2 protein chains.
Amino acid sequence: MKEAVVLLSGGLDSATLLAVARRDGYACHALSFAYGQRHRAELDAAARVAKALRAVEHKTVTLDLSTIGGSALTDISIPVPDHPSEGIPTTYVPARNTVFLAVAVGWAEVLGAGQIFIGVNAVDYSGYPDCRPEFIAAFQEVAKLGTKAGVEGWGVSIQAPLQKLSKAEIVRLGTSLGVDYGMTVSCYSADSQGRACGICDSCRLRRLGFAEAGLPDPTHYR
Amino acid sequence: MKEAVVLLSGGLDSATLLAVARRDGYACHALSFAYGQRHRAELDAAARVAKALRAVEHKTVTLDLSTIGGSALTDISIPVPDHPSEGIPTTYVPARNTVFLAVAVGWAEVLGAGQIFIGVNAVDYSGYPDCRPEFIAAFQEVAKLGTKAGVEGWGVSIQAPLQKLSKAEIVRLGTSLGVDYGMTVSCYSADSQGRACGICDSCRLRRLGFAEAGLPDPTHYR
C-alpha cells in the first residue's frame, strides 16, 4: 500500500485532505503539532478525525513556537481579530507551514513514504503567504535537495489537492467522502471543548463555505 | 545595528559562525534547539558560547524530533557509528536543517532581522544532504515565498559563510576571532559534562581540523 504523511490540524480543510488521501488509496500517517497554539482543542479534533478516517497512525510533535511568538495564535497578548483585516492578518504564524512541512519531510523519510499531503488553500483563505502555490513549489525543491530521500532518488512529493478549491467545494468534496465536520475545529479562539466563536476569520470562511455549499453547518458554536 | 538570527548548536562550526557574524557587525540573536538529541550537553555549550561571544539574546526552542526518530542522534536504539560509513551516515537527522532554518526564518520575521546565519559546511563534513550549497539556495526561495517578510519585500537572507572552508580553515578563522573552542561540544556521544568520545565522525573531523591547522586541540576528551 502506498504510504503518505498527512498534515492534520483538526480543522475542516485537513479533515477533507485526509479523506482525499484515503480515497486515493494511501496508508495515511497523520501528523499534528502542539506548537503553542491558543486553540489547543484542535488537537483533540485531530485525534478524532484521524481515528474516524482510519489513519494508520497519528503522531503529535511538540514544537514550541510560542518561544518566538509574533502571532495572535502563539502569543496570548495579541488578540485574535474579530473582523477581516487588510493584508496579512495577525493570525499568521511566521513560517508555520515551512516548519510543518519540514518535519513532515523528515517523518516521510523515516517511514519511506513518498507523499506528503498538506491542506493549503489559496482561494477562500486568509492571505497567508505559506499557503500559495509558489511556496509549495519552492518547498518541493527543498524536500528534494535537503534529504537523503532526494539524494537516493526516491524523493518526497508534496501534494496540495485543495489548493484551487473554494471553501464550498472543499465542504462538498468532504461531505461526499463521508467526513463528519461536526468533529472538526477551525476556530482560532475555540474553547477547551472545541466550541467556536463564530466571528474570527477562520470561523467566517468556514461558515460561508457551508452556506455557499447549501449544506447544514454542524459547527458547535458557543 | 543590523540584526541577525544565528543558528547555534554549541559545536565548533556554529561558534565560529557566531564570531563571524559579530565581526561583521550584527546584533546576534542566537537560536538553539532541544530536539531530542542524545548529546544534550551541546545545549550547555551553546549557552556558554552565546554569552562569551556576546549574542544579544539566546533562545532554545523545544522541538521533539525523537517523535519521528530515524537517526542515531534522536533514537537511542540506533548506535552512533564508531567509524566513517559509506554514503549518508545514520547520524543524519531527517530534514533537521530544513526544520531549524524554518524556525529561524520565523524568528527573523518576528524580530525584523534580515539575515540568518547557518554554519553548514560542505568540505570536511559528513555528507549530510542538508549541508550542501544547492539546499541552502533552494531554502532561500522558500524563505522568500513563504513569509510575510518576503511578501513585504524586505526578505530574509540565508548566510552560510563557512560553506566552502575546510575544518582547518574554520578553526584558524575562529581562533583569529578569539573563539575559545574549549567551551564548544561537537561530539555526538558527549557525556553530560560535555566530554567527547574522540571516535565519532564529528570528533574525527574536529580533531583533524586542529591537527591540520597546527593548533592545540582544547577538546575535553573523556
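Let's start with how the two chains relate: turn chain B by 180°, with 0.0 Å of shift along the rotation axis, and it superposes on chain A with an RMSD of 0.0 Å. That is the relation of a two-fold axis. Keep in mind that this is a predicted model. If you want to find the axis on screen, look for Leu63(B), which comes closest to it among the residues of chain B, with its C-alpha at 2.1 Å.

Now for the contact between the chains. On each side of it there are 39 residues, 39 from chain B touching 39 from chain A. Which elements of chain B give two or more residues to that side? They are strand S3 (57–62), helix H3 (96–111), helix H4 (133–145) and helix H5 (148–152) of chain B. H3(B) gives the most, with 10 residues. Sorted by class, this side of chain B has 21 nonpolar, 10 polar and 8 charged residues. And 100% of the interface residues of chain B are also interface residues in chain A, so the copies meet through the same surface.

Next, step inside chain A and look at its sheet. The sheet is open, has 5 strands with parallel pairing, and runs in the order S3-S2-S1-S4-S5. The edges are S3 and strand S5 (157–159) of chain A, each of which pairs on one side only. Going from one strand to its neighbour, you find an average turn of 25°, direction ignored. Zoom in on the S3 end: S2(A) and S3(A) pair in the parallel sense over 6 bridges, and here Phe33(A) stands opposite Val61(A) in S3(A). Lying across these two strands, S2 and S3 of chain A, is H2(A), which runs at about 170° to S2(A).

From the sheet, move to helix H1 of chain A, residues 12–23. Its 12 residues reach 17 Å from the first C-alpha to the last, close to the 16 Å expected at 1.5 Å a residue. Is H1(A) largely enclosed or largely open? Of its 12 residues, 10 are buried, so H1(A) is largely enclosed by the rest of the structure. The buried ones are Leu12(A), Asp13(A), Ser14(A), Ala15(A), Thr16(A), Leu17(A), Leu18(A), Ala19(A), Val20(A) and Ala21(A). What do they pack against? In chain A, the partners are strand S1 (2–7), strand S2 (26–34), helix H2 (41–52), strand S4 (115–117), helix H6 (167–176) and helix H7 (201–213). After H1(A) comes Gly25(A), with a positive phi near 90°.

H7(A), one of those partners of H1(A), is worth following too. This helix has 13 residues and spans 18 Å from its first C-alpha to its last, close to the 18 Å expected at 1.5 Å a residue. Its buried residues are Asp201(A), Ser202(A), Cys203(A), Leu205(A), Arg206(A), Gly209(A) and Phe210(A), and what covers them includes H1 and H6 of chain A. A glycine follows here as well: Gly214(A), whose phi is positive, near 70°.

Hop over to chain B for a look at helix H7 there (residues 201–213), which holds Arg207(B). With 18 C-beta neighbours inside 10 Å, Arg207(B) counts as partly exposed. Take Arg207(B) and Pro218(B) as a pair: along the sequence they are 11 residues apart, and in space they are 9.6 Å apart, C-alpha to C-alpha.

Two backbone details are left, both in loops. Ala95(A) has a positive phi of about 65° although it is not a glycine. You'll find Ala95(A) in the loop between strand S3 (57–62) and helix H3 (96–111) of chain A. Buried or exposed? With 31 C-beta neighbours inside 10 Å, Ala95(A) counts as buried. In chain B, Arg54(B) is another residue other than glycine with a positive phi, near 55°. Its place is the loop between helix H2 (41–52) and S3 of chain B. Arg54(B) has 10 other C-beta atoms within 10 Å, so Arg54(B) is exposed.

Definitions and conventions:
Residues numbered from 1 in each chain as written. Chains lettered and ligands numbered in written order. Predicted model: local features only at pLDDT ≥ 70, side-chain atom pairs only at ≥ 80, totals over all residues. Helix = DSSP H or I, 4+ residues; strand = E, 2+ residues; numbered from the N terminus. Expected span 1.5 Å × (residues − 1). Buried ≥ 20, exposed ≤ 12 C-beta atoms within 10 Å, placed from the backbone. Contact = placed C-beta atoms within 7 Å. Nonpolar A, V, L, I, M, F, W, Y, C, P; charged D, E, K, R; others polar. Least-squares fit on C-alpha atoms with pLDDT ≥ 70 in both. Pairing = 2+ DSSP bridges. Axes fitted to C-alpha atoms, helices over the stretch in contact; angles between N-to-C directions.
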